[in-house]
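Q: I have a model open and want to go through some of its helix packing. Can you take me through it?

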Amino acid sequence: MFRTLVNAFKNKEIRTKILITIGLLIIYRLGCWLPLPGITSSWYSGEQQADTFLGLLSAITGGALANGAFLAIGISPYINASIIVQLLTIAIPKLEEWSKQGDDGRRKIANVTRVMTLVLAVAQAAGIVVSTARNSGIATEIFRVTLPLWLVAIFVAVMLIAGSMFTMWLGERITDYGIGNGISLLIFVGILSTAGQSILATIIAIPSRDTAIWELIGFLALVIVIFGFIVFIDAAERRVPITYAKQIKGRKQYGGQSTNIPIKVNAAGVLPIIFATAIITFPQLIASIVAPNSGFYGWWMTWLGSGTPIYFVLTGLLILFFSYFYAQIQFNPEDVARNIQQYGGFIPGIRPGRPTAEHLARISKRLTLFGAIFLAIIAIVPSVIFSLVLHDTTLVNAFSATGLLIVVSVALEFDKQLESQLMMKQYKGFLK
């Protein structure tokens with residue numbers, strides 16, 4: 001990857017795209033530290049490590065919410081909107097029709113996603129403001145003027161919504177004028193900044209605590225091992241051989257070639273973990289906003305809160321379910337078998353048509369099972385190991401299971417994007 005970066009900087013056009021990407025990411029991080037008027041920052045700092053809705057959201061945004069910043073909500077509404085629209089594409093015929101219309105259809109779906117992002121940003125901002133006001137986190141004096149609480153709350157909500165839409169705009173600009181997927185890079189930077197702050201806090205604590213240095217070394221060693229495991233599984237795939245029969249049309253011969261269909265072990269990526277954690281933590285998030293002192297919230301945190309045995313079991317089962325659900329959406333064996341048969345192809349030893357579809361479905365189910373087990377291990381085991389081996393909570397919370405997968409996936413995708421850009425420039429130079 002480092003050699004790819006060095007070669008990329010040698011090309012002026014690619015170097016410009018990289019610098020644009022870095023510049024927009026710097027603007028995003030500055031927005032994560034820009035204080036928002038009307039928020040009591042000391043209260044947010046106290047809630048940063050709390051196991052509440054605000055604490056979870058702060059970890060996703062790279063500490064922006066803990067800083068009481070302009071981009072406190074970050075890109076989370078856009079992520080949720082994208083997932084919802086993707087699921088609705090199957091249920092709503094119009095969206096399914098747009099998804100098959102190429103660039104024009106993708107633009108229409110992108111507009112629907114933007115509207116959905118705005119709706120979710122409004123709901124999320126309202127939840128934050130209500131929770132903040134309930135805990136006396138709203139400062140009625142802004143710009144040296146004392147205003148009514150409801151007016152300051154509306155101002156804070158509007159600014160949070162504007163910050164979320166600005167974050168989405170930054171991500172789209174990175175995608176258009178930079179390199180890689182802008183939304184993924186924003187998430188990537190947020191996760192790395194959270195981890196960096198935790199590691200820096202541990203380094204600062206080394207003089208005052210003798211075990212801090214060993215905890216840091218153990219943490220880094222575990223992260224490297226887990227990263228290696230994720231990269232290994234991310235590149236794993238089953239290649240199904242396809243042979244095309246020879247066809248003679250006129251004086252030309254077509255076909256007679258062999259190729260393969262690559263089916264990835266973890267085709268769903270990080271989405272099953274996102275779906276599973278979103279469902280199992282949704283009651284906790286709602287209760288922390290509406291009734292943080294209620295008996296239901298206490299019972300939920302005791303038996304189903306993060307880190308409890310029941311929480312891990314339910315998370316594993318939900319990951320298994322959503323892995324199969326997403327595999328059914330992403331890979332349709334009947335369509336693939338039909339296309340292979342139409343172009344005169346067949347799988348050696350398997351008859352075309354229905355037997356081919358059944359063979360592909362059987363392979364897909366087996367690979368999905370291994371992929372789901374891998375995701376469950378990544379979601380559960382690292383958290384348990386970190387909790388048992390490390391006593392420093394800042395290091396334990398540095399990387400979540402979703403964060404580990406996202407960091408590796410985005411880094412690999414960024415490297416592929418750079419390599420493809422370099423390949424295009426070499427082809428253009430050859431043609432000239």
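Q: Let's begin with H9 and H10. Which residues of H9 meet which in H10?
A: This is a predicted model. In it, Ile199, Thr202 and Ile203 of H9 meet Ala212, Leu216, Phe219 and Leu220 of H10.

Q: How do those residues divide by class?
A: The contact of H9 with H10 has six nonpolar residues, one polar and no charged.

Q: And the geometry: at what angle do the axes of H9 and H10 cross?
A: Roughly 150 degrees, and the axes come within 9 Å. H9 is therefore roughly antiparallel to H10, as the angle is over 145 degrees.

Q: Left-handed or right-handed?
A: The crossing of H9 and H10 is left-handed.

Q: Staying with H9, how many residues does it have, and what does it reach from end to end?
A: H9 covers residues 182–204, which is 23 residues. From first C-alpha to last it reaches 33 Å, close to the 33 Å expected at 1.5 Å a residue.

Q: What does asparagine 181 do at the start of H9?
A: A side-chain oxygen of asparagine 181 reaches to within 3.1 Å of the backbone nitrogen of isoleucine 183.

Q: Now H2 against H9. How do their axes cross?
A: The axes of H2 (residues 12–31) and H9 come within 11 Å and cross at roughly 55 degrees. That angle makes H2 oblique to H9. The crossing is right-handed.

Q: Which residues make that contact?
A: On H2, Thr21, Leu25, Tyr28 and Arg29; on H9, Leu185, Leu186, Val189, Gly190, Ser193 and Gln197. By class, the residues are five nonpolar, four polar and one charged.

Q: Different pair: H7 and H8. Where do they run, and how do the axes cross?
A: H7 is residues 103–134 and H8 is residues 149–177. Their axes come within 9 Å and cross at roughly 140 degrees. H7 passes H8 in a right-handed crossing.

Q: Which residues meet there?
A: From H7, Arg114, Thr117, Leu118, Ala121, Val122, Ala125, Ile128 and Val129. They meet Ala153, Val156, Ala157, Leu160, Ile161, Ser164, Met165, Met168 and Glu172 in H8.

Q: How many of those are nonpolar, polar and charged?
A: The contact of H7 with H8 has 13 nonpolar, two polar and two charged residues.

Methods:
Residues numbered from 1 in each chain as written. Predicted model: local features only at pLDDT ≥ 70, side-chain atom pairs only at ≥ 80, totals over all residues. Heavy atoms only, no water. Helix = DSSP H or I, 4+ residues; strand = E, 2+ residues; numbered from the N terminus. Expected span 1.5 Å × (residues − 1). Polar contact = N/O pair within 3.5 Å; in protein donor to acceptor, adjacent residues only side chain to side chain. Axes fitted to C-alpha atoms, helices over the stretch in contact; angles between N-to-C directions. Parallel < 35°, antiparallel > 145°, perpendicular 65-115°, else oblique. Left-handed = near helix turned anticlockwise from the far one by under 90°. Contact = heavy atoms within 4.5 Å. Nonpolar A, V, L, I, M, F, W, Y, C, P; charged D, E, K, R; others polar.
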